[in-house]
Amino acid sequence: MDYLDLGPYPHARGTVRLPGSKSISNRVLLLAALAEGETTISNLLDSDDTRVMLDALAKLGVKYTRDGDRCVVQGTRGAFTADRLVIAAGAWSGRLVKRIGIRLPMLSGKGYSMILPPPPIMPKQPIMILDRKVAITPRADSVRIAGTMELVDLDESVTQSRVRSIFQGAASVMDLPAEPEVREVWRGLRPCTPDGLPAIGPTTSRGNVYLATGHQMLGVLTATGTGRLLAELMTGETPFMDPAPFRPDRFS
Ligand SMILES: Cc1cc2nc3c(=O)[nH]c(=O)nc-3n(C[C@H](O)[C@H](O)[C@H](O)COP(=O)(O)OP(=O)(O)OC[C@H]3O[C@@H](n4cnc5c(N)ncnc54)[C@H](O)[C@@H]3O)c2cc1C
């Protein structure tokens, strides 16, 4: 075990360094993706509401229609027909697939994050306060504090006491102002299945509909593995791992 210098965290009892830990910025990833394509939709960055995205895409001339079991996307460069469809709609997936007769019981594990100005001593790397289950991530000109798990059914409201407790968790190890200038409060719904495993692969009742959802607290970490497994299942390659535990129809 490798212990960090406790200097910046005067209230911490001890620290353990995990050398492989990493953090990402979703906005940077999205910007990189947009740089490859339509930069005109970059004004969508401030909203994660998909309806806004679909409306904006419609204004750009993109339309979604059906042709039997196939999905047709009419874009500015013509029509794209897909004979297979992946539903990766996070906590909303259960409600969505119900409409096509697939049973996927799902709850939303609501979590919050706050963006604060840089603290007097900025952490050099992401920190997890284990007993408070609060993560602190340094950013270019701010710090992100995230945590809490509230099981709800697609309820996106913000519970202020939860937000406050995340802040108090961070303040238990770092020196933070008692009344900080909060730049942003965000809430996200973690897609949670009853057995704690994701649903990855084809559905039996709708052979051309695949699922990739239910990753709970680890969707970012496991995204590349999910992408690889799904691609292998869709192209008929030998999967790099046993997909059986993740069968989407195991709740039917
Ligand atoms: C506070 C917090 C901290 C977290 N920290 C970590 C972490 O450190 N590491 C980690 O690995 N994971 C973490 N997670 C979990 C991670 O965010 C989730 O597991 C991951 O986002 C799930 O990815 P997803 O693509 O399945 O779902 P989502 O990220 O929820 O994406 C689903 C998307 O589908 C869209 N959608 C829904 N319905 C429709 C529809 N009808 N049509 C079109 N689009 C639709 C939604 O708008 C949404 O954009 C954290 C979560 C929270 C809340």
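Me: What makes β1 and strand β2 a pair in this predicted model?

Reply: Pairing requires at least two bridges between two strands. β1 and β2 (residues 70-75) are joined by five bridges in the antiparallel sense, so the criterion of at least two is met. Within this pairing, Y64 stands opposite V73 in β2.

Me: Why are β1 and β3 called edge strands?

Reply: The open sheet has three strands in the order β1-β2-β3, paired antiparallel. β1 (63-67) and β3 (78-82) each pair on one side only, which places them at the edges. Neighbouring strands of this sheet are turned against each other by 25 degrees on average, direction ignored.

Me: Why are β6 and β9 described as standing at the edges of the five-strand sheet?

Reply: The order in this open sheet is β6-β7-β8-β5-β9, with antiparallel pairing. β6 (127-129) and β9 (184-192) each have a single partner strand, so one side of each is left without a neighbour in the sheet. From one strand to the next, the twist averages 25 degrees.

Me: How do you know that β6 and strand β7 are paired?

Reply: Three bridges join β6 to β7 (residues 134-138), and the two run antiparallel. The threshold is at least two bridges, so the pair qualifies. M128 has A135 in β7 as its bridge partner.

Me: Which helix packs on this sheet, and which strands are touched?

Reply: Helix α4 (residues 160-171) touches β5 (107-116), β6, β7, β8 (143-152) and β9. The direction of α4 makes about 135 degrees with that of β8.

Me: Why is E232 called buried or exposed?

Reply: E232, found in helix α5 (residues 223-235), has a relative accessibility of 8%. Buried means under 20%, so E232 counts as buried. Leaving aside neighbours within four places in sequence, E232 is in contact with E237, T238, P239 and F240.

Me: What makes the approach of E232 to the backbone nitrogen of F240 a polar contact?

Reply: A polar atom of the E232 side chain lies 2.8 Å from the backbone nitrogen of F240. The limit is 3.5 Å, so the distance satisfies the criterion.

Me: How do you know that R228 is close enough to count as lying over the face of F240?

Reply: R228 lies over the face of F240 at 4.2 Å from the ring centre. The limit for a charge over a ring is within 6 Å of that centre, so the distance requirement is fulfilled.

Me: How many aromatic pairs does a search of the whole structure find?

Reply: The search finds zero aromatic pairs. Ring centres would have to lie within 6.5 Å to count as a pair.

Methods:
Residues numbered from 1 in each chain as written. Predicted model: local features only at pLDDT ≥ 70, side-chain atom pairs only at ≥ 80, totals over all residues. Heavy atoms only, no water. Phe/Tyr/Trp six-rings, centres within 6.5 Å; stacked < 30°, edge-to-face > 60°. Lys NZ or Arg CZ within 6 Å of the ring centre and 35° of its normal. Helix = DSSP H or I, 4+ residues; strand = E, 2+ residues; numbered from the N terminus. Axes fitted to C-alpha atoms, helices over the stretch in contact; angles between N-to-C directions. Buried < 20%, exposed > 50% of the residue type's maximum accessible area, 1.4 Å probe, protein only. Polar contact = N/O pair within 3.5 Å; in protein donor to acceptor, adjacent residues only side chain to side chain. Contact = heavy atoms within 4.5 Å.
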